[in-house]
Amino acid sequence: MSTCSVSKGCFVFKPSPKKRRVSPKTAEYFKEANNDSEDSGLRFATCQSLWKQIKSETEQVQEELNKQLFDNLVSFLRRSHSEFQEKTTEWTCRMKSREIPTAALVLGVNVTDHDLTFKSLSEVLQNNITPYVALLQAKDCPGIKNLMQKLMGQLMNCCIDVDSSDEEDYVQVSQHRIRCSMTSLISWYENITKKTDSETPSKKRISRHLQSPPVVVIFKDMESFTTKVLQDFIGISSLLPHSVSSLLCIELFQSLSCKEHLSTIIDKLLLTTQFAFKLSEKVLQVLINIFLYHDFSVQNFIKGFQLCIVEHFHSQPLSVLCCQLVEAKKRVNSLSHSQCENIRRLPSFRRYVESQVSEKQIALLTADNFLKEVIQKLLEDLHVYHENYVPVLRCLHVFTSSLPKYPLGKQIRELHCACLENRVWETEEYESSLQLARMLNKSDLVTMLQKCVEIFVSSSGKEFDKVVEKLKEFLAQFQKLEAGACQERGESVSSQKELQKKTDLYHLQKTLLELKESRRSKKLTKFEMLRFEVVDFIDNLVRNYLVPADHKTLHEIMYFNTASALREHLNAAPRIALHTALNNPYCYLKNQALKSDGGSISNKAPDICIVYKLHLECGRLINLVDWLEAFSTVVMAVEGTNEDAAASDQVDDIIHARFIQAVSELELLGFIKPSKQKTDHVARLTWGGC
């Protein structure tokens, strides 16, 4: 292609589509994890399928949690609009109709989740109330003029589908043709509602929108708006000249607490047998700590959970068996010899082999067919363990969540982490919980037993029929004790009446001594004995079914336990990452030419890396001339000096320019700053290599 031109110009050559680099498929990244890439496609498909199910479940949970809040808001808008439409003569109604119906929605501190909540709210309002919904943010509305532009821009770009079969019935008005003012907005609204109302009933679209639908303005972050902007907007939106606060008819709405939202998500994703994938105690604790101490964001927790899924299926070759039990048994039959060897190398499977007799040990380590049969049985045991673990955990939480000071935690997630970490019955917190449980009153104990019966009846575990019968037997015994308690009260009253009878001092003293002796050698009552029996029964359930997951064979297939990888991705350490990138660029660039011994400076590294390593060898003040000479020495070691003088001067200029750019980048990153003491020096700002 010719670039000849009379005058200077800029010529653009678009690359050919054939030469464009095709990015590798996501499934190919699974092959790079290890050499065993024969099932990488199946692992990737299993990972995708699992995430789709989890994403659908979380969206359904969030929809259910917000349903009550959104229903209340829709009801408020319908009621406010109907009161405005009714032309009543009552003074209070006429005064209220001149006010602006305002819903104050309190969402809490989890700011990162607000976008999704407002998006869902906007969709609900557009589907049920009005198509005219505007979402405004403080950063877009520094003044009333900007606010009106954003408001009218969002409203006038809405289109009302009057008849889906006729394209001419779409009503759209360009924002640029009119002046952004309240008068223009009112005239636009009157025109658009008249056109909608004038259509024949046969052409009108069947919808749930109100007649002459209202305009809904949502301030996403009202606390960030300037007071002047809000006052001006409220003032021009109302018919009354009173103070701004009196122009609003405010009703308060409270969203669900983010902690309750998180508990529901954990309950649906982890405390269930619906999903085979599980999190270890350390990984779950990392996600919970980020939630509690950083952002209170349920969305970020779900993203962290998604990262755990991807990391598990990417790094664990045996995650191909992390699926439902029926499908996992089918996949076991098609395992290759290398995959069988991977199973034999699992620490939990090694412990299992060591616990077997010598003949079975030889068969497990040499015969693949026998190994596959055992794996199917072990996977079934792991599935049964999960079925039994969840209801017993909920039952224990019923007893411990109401104890004073909550020794095992108030939330079920805290109890779940304690059970995953180690044998919970060996901890001091568990012992103190049992002691407190042995002092529960009868009404609380009966209520807890009834809840436990409901939990075990609704569970999918097949081993809890006898447990339910035993709990019902305890409830029946408590009812019998209640009937017998009335008789004991009557006997105690009669004994007190005997003491009140007239008697001599000797018999009175003898009777009091007998009562004192009987109190010293007091035996446990029937209720206390039954209470001890109930607590011991719950204790036995805990010891049998709440064994930590890492004690189960093949738990590595289902449980993701690499907390360090998760912490590396989610708990960012910018200074450490920056030091690593500048000190060892191979860590990120993966270029073999950048590999170097510790302490040496590679002359093939980027300029900023060379400058950074040289500045680490300096003191508080760095001489720029000496720094440039050292940089030139390192760079010229590659480029060579076998050129003529003119070329040498040109190279020096290029090296000088590269040095200036590298030092400027280092200053931008905050490692150095200009010094006022000496003009040809810079001051170093960081120490200790980071």
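This passage walks through the overall make-up of the chain, its nonpolar cores, one helix pair and a handful of individual residues.

The model is a predicted one, in which local features need pLDDT of at least 70 and side-chain atom pairs count only at pLDDT 80 or more, while totals for chains, interfaces and linings use all residues. Residues are numbered from 1 along each chain as its sequence is written, and side-chain values use heavy atoms, with hydrogens and water left out.

To start with the broad view, the chain holds 28 helices and 11 strands; these are DSSP runs numbered from the N terminus, helices being H or I of at least four residues and strands E of at least two. Of its 690 residues, 39% are buried, where buried means under 20% relative accessible area, exposed means over 50%, and partly exposed is in between (1.4 Å probe, protein chains only). Taking contacts (heavy atoms within 4.5 Å) between residues at least 6 apart in sequence, 72% join residues at least 24 apart.

Next come the cores. In soluble globular proteins, nonpolar side chains tend to be buried together. A nonpolar core here is a set of buried Ala, Val, Leu, Ile, Met, Phe, Trp, Tyr and Cys residues joined through side-chain atoms within 4.5 Å. The largest one has 108 residues, and the members that touch the most others are Leu279, Phe349, Phe399 and Phe456. Helix α15 supplies the largest share of this core, with 15 residues. A second core, separate from that one, has 24 residues, including Leu594, Val635, Met636 and Ile655.

Phenylalanine 456 gives a view of what surrounds one of these core members. Leaving aside residues up to four places away in sequence, phenylalanine 456 touches Pro391, Val392, Cys395, Phe464, Val467, Val468, Leu471 and Leu541. The backbone oxygen of phenylalanine 456 is also reached by the side chain of serine 459, at 2.8 Å. That is a polar contact, meaning a pair of N or O atoms within 3.5 Å; within protein, one must be able to donate a hydrogen and the other to accept it, and residues adjacent in sequence count only if both atoms are side-chain atoms. Serine 459 itself sits in the loop between α18 (442-458) and α19 (465-500). With residues up to four places away in sequence again left out, serine 459 touches Pro391 and Phe464.

Helix α15 turns up again in a helix pair. Two packed helices are described by the angle between their axes and the distance between the axes. Helix α15 (residues 368-400) packs against helix α21 (residues 526-545) at an angle of about 145 degrees, and their axes are 9 Å apart. Axes are lines fitted to C-alpha atoms, for helices over the stretch in contact, and angles run from 0 to 180 degrees between N-to-C directions. On the α15 side, Tyr385, Asn388, Tyr389, Val392, Cys395, Leu396 and Phe399 take part, and they meet Val534, Ile538, Leu541, Val542 and Tyr545 in α21. By class, this contact has 11 nonpolar residues, one polar and no charged; Ala, Val, Leu, Ile, Met, Phe, Trp, Tyr, Cys and Pro count as nonpolar, Asp, Glu, Lys and Arg as charged, and the others, Gly among them, as polar. Helix α15 also helps cover α12 (residues 337-344), whose buried residues are Gln339, Cys340, Asn342, Ile343 and Arg344; α13 (347-354) and α14 (358-366) are included in that cover too.

Two loop residues other than glycine have a positive phi. One is tyrosine 406, with phi near 45 degrees, in the loop between α15 and α16 (412-421). Tyrosine 406 is partly exposed, at 35% relative accessible area. The other is lysine 590, with phi near 55 degrees, which lies in the loop between α25 (586-589) and α26 (607-616) and counts as exposed at 57% relative accessibility.

Finally, two strand residues. Valine 133, in strand β2 (residues 133-136), is buried at 6% relative accessibility. Beyond residues up to four places away in sequence, valine 133 touches Ser122, Leu125, Gln126, Gln154, Leu155, Val216 and Ile218. Glutamine 254, in strand β6 (residues 248-254), is exposed, with a relative accessible area of 54%. Glutamine 254 and glycine 108 are 146 residues apart in sequence, with their C-alpha atoms 8.6 Å apart in space.
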